[in-house]
Amino acid sequence: HSMAAKTGGCFPGNASVLVEDGRRKRVSDLQPGDRVQTVDHGGNVIFSSFVTFLDRDPRAMKIFQLLETQDPPHSLLLTPAHLVYVADNFTLDLGKFRPTFASNVQVGQYLYVVGHSGHRPAMVIGISMRELEGAYAPLTQHGTLVVNGILASCFAAIDGHRLAHLAFAPLRLCYQLTSIFGGGTSWQEGMHWYSRLLYRLGRLFLSAEYFHPWGVAQG
């Protein structure tokens with residue numbers, strides 16, 4: 001497989017999220033104004049405004065990591081460099097879950113599952129790889145979202161969710177002002193220019209251990 005197929009942090013287009021009006025939406029269909037289910041620092045289920053796509057490529061062939069859980073059974077596809085919340089042991093304390101590269105998740109660890117009956121840890125029982133067409137990386141105001149019922153970060157490539165969330169604050173503010181004062185939205189194809197800029201700056205100022213070995217596609 002080409003390195004471009006392995007890089008970046010995305011979900012496939014048919015991954016689904018719950019929006020505030022109770023409908024499920026494909027991530028590829030998200031629009032400005034949509035409020036997407038996530039979980040706040042206190043473990044409360046909330047809805048966070050969708051901001052933009054940090055990466056959007058409907059025709060890209062990507063390698064996705066398939067994480068499967070039991071009790072409850074869920075499955076999540078995301079690129080290996082994407083961050084997902086993981087705990088080593090069964091715990092209801094969200095503070096014990098840490099953002100981890102999908103490629104580092106191991107069978108026997110726990111993902112944070114959000115459903116109609118509340119939220120709880122679910123043990124990972126299967127990990128495999130899939131190659132699919134289409135890749136989407138939605139950004140929310142809170143920097144997290146629940147995809148296919150599993151809590152994930154909006155960020156990838158860098159092993160530091162809080163750092164990434166802070167670094168993207170200017171972009172979130174920019175889109176917030178645009179929504180207040182008006183202005184059309186047209187999705188660019190490929191990685192958002194701001195994401196690419198931050199990645200290049202990070203490579204200059206942070207040590208290599210912060211980054212996933214597959215990083216992001218250059219260009």
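A polar contact is a pair of N or O atoms within 3.5 Å, and within protein one of the two must be able to donate a hydrogen while the other must be able to accept it. In this predicted model, the backbone oxygen of Ser153 and a polar atom of the His82 side chain lie 2.7 Å apart. That pair is a useful way into the structure, and the report returns to it after an outline of the chain and its strands.

**The chain as a whole**

The chain holds 4 helices and 12 strands. Of its 219 residues, 50% are buried. Among contacts between residues at least 6 apart in sequence, 62% join residues that are at least 24 apart. The accessible surface of the chain amounts to about 10500 Å², and carbon and sulfur atoms account for 54% of that surface.

**Strand S4 and its partners**

Strand S4 covers residues 45–70 and pairs with strand S3, residues 35–39, in the antiparallel sense. The table lists pairings of S4 with the number of bridges in each.

| Partner of S4 | Residues of partner | Sense | Bridges |
|---|---|---|---|
| S3 | residues 35–39 | antiparallel | 5 bridges |
| S9 | residues 118–140 | antiparallel | 16 bridges |
| S12 | residues 190–191 | antiparallel | 2 bridges |
| S5 | residues 74–78 | antiparallel | 5 bridges |

Individual residues show where these pairings lie along S4. Ile46 of S4 is the bridge partner of Thr38, while Arg56 stands opposite Gly190 in S12. Phe64 has Arg130 in S9 as its bridge partner, and Thr69 is matched in the same way with His74 in S5.

Two of the pairings are hairpins. Between S3 and S4 there are 5 residues, and in that turn Gly43 has a positive phi of about 85°. The hairpin of S4 and S5 has 3 residues between its strands, and there Asp71 takes a positive phi near 50°.

**Around Ser153 and His82**

Ser153 belongs to strand S11, which runs over residues 150–156, whereas His82 is placed in strand S6, residues 82–87. Is Ser153 buried or exposed? Its relative accessibility is 0%, which is under the 20% cut-off, so Ser153 counts as buried. His82 is likewise buried, with a relative accessible area of 0%.

Besides the contact of its backbone oxygen with the side chain of His82, Ser153 has a polar contact of 2.8 Å between its own side chain and that of His161. Setting aside residues up to four places away in sequence, Ser153 touches Phe11, His82, Leu83, Tyr85, Gly143, Thr144, Leu145 and His161. On the same basis, the residues touched by His82 include Gly9, Cys10, Phe11, Thr100, Phe101 and Ala102, and also Ser153, Cys154, Phe155 and Ala156.

Ile150 is also in strand S11, and with 0% relative accessibility Ile150 counts as buried. Which residue lies 76 residues away from Ile150 in sequence, yet 7.7 Å away in space, C-alpha to C-alpha? That residue is His74, which is also among the contacts of Ile150, together with Ser75, Leu76, Val84, Leu111, Tyr112, Val113 and Leu145, when neighbours within four places in sequence are left aside.

**Aromatic pairs and cysteines**

A pair of aromatic rings is described by the distance of the centres and the angle of the planes. The whole structure contains 5 aromatic pairs. In one of the ring pairs, Phe155 and Phe168 have ring centres 5.3 Å apart and planes at 15°, so this pair is stacked. The two residues are 13 residues apart and link distant parts of the chain, with Phe155 in strand S11 and Phe168 in the loop between helix H2 (161–167) and helix H3 (169–181). Phe155 counts as buried at 3% relative accessibility, and Phe168 is buried too, with a relative accessible area of 8%. Elsewhere, ring pairs link Phe50, Phe53 and Tyr136 into a cluster.

How many disulfides are there? The count comes to 0 disulfides. Cys10, which appears among the contacts of His82, is buried with a relative accessible area of 0%, whereas Cys174 is partly exposed, with a relative accessible area of 42%.

Methods: Residues are numbered from 1 along each chain as its sequence is written. This is a predicted model: local features need pLDDT of at least 70, side-chain atom pairs count only at pLDDT 80 or more; totals for chains, interfaces and linings use all residues. Side-chain values use heavy atoms; hydrogens and water are left out. Two strands pair if DSSP finds at least two bridges between them. Buried means under 20% relative accessible area, exposed over 50%, partly exposed in between (1.4 Å probe, protein chains only). Contact means heavy atoms within 4.5 Å. Accessible areas come from the Shrake-Rupley method with a 1.4 Å probe; for residues, only the protein chains shown count as cover. A disulfide is a pair of cysteine sulfur atoms within 2.5 Å. Rings of Phe, Tyr and Trp (its six-membered ring) pair if their centres lie within 6.5 Å; planes under 30 degrees apart count as stacked, over 60 as edge-to-face and the rest as tilted.
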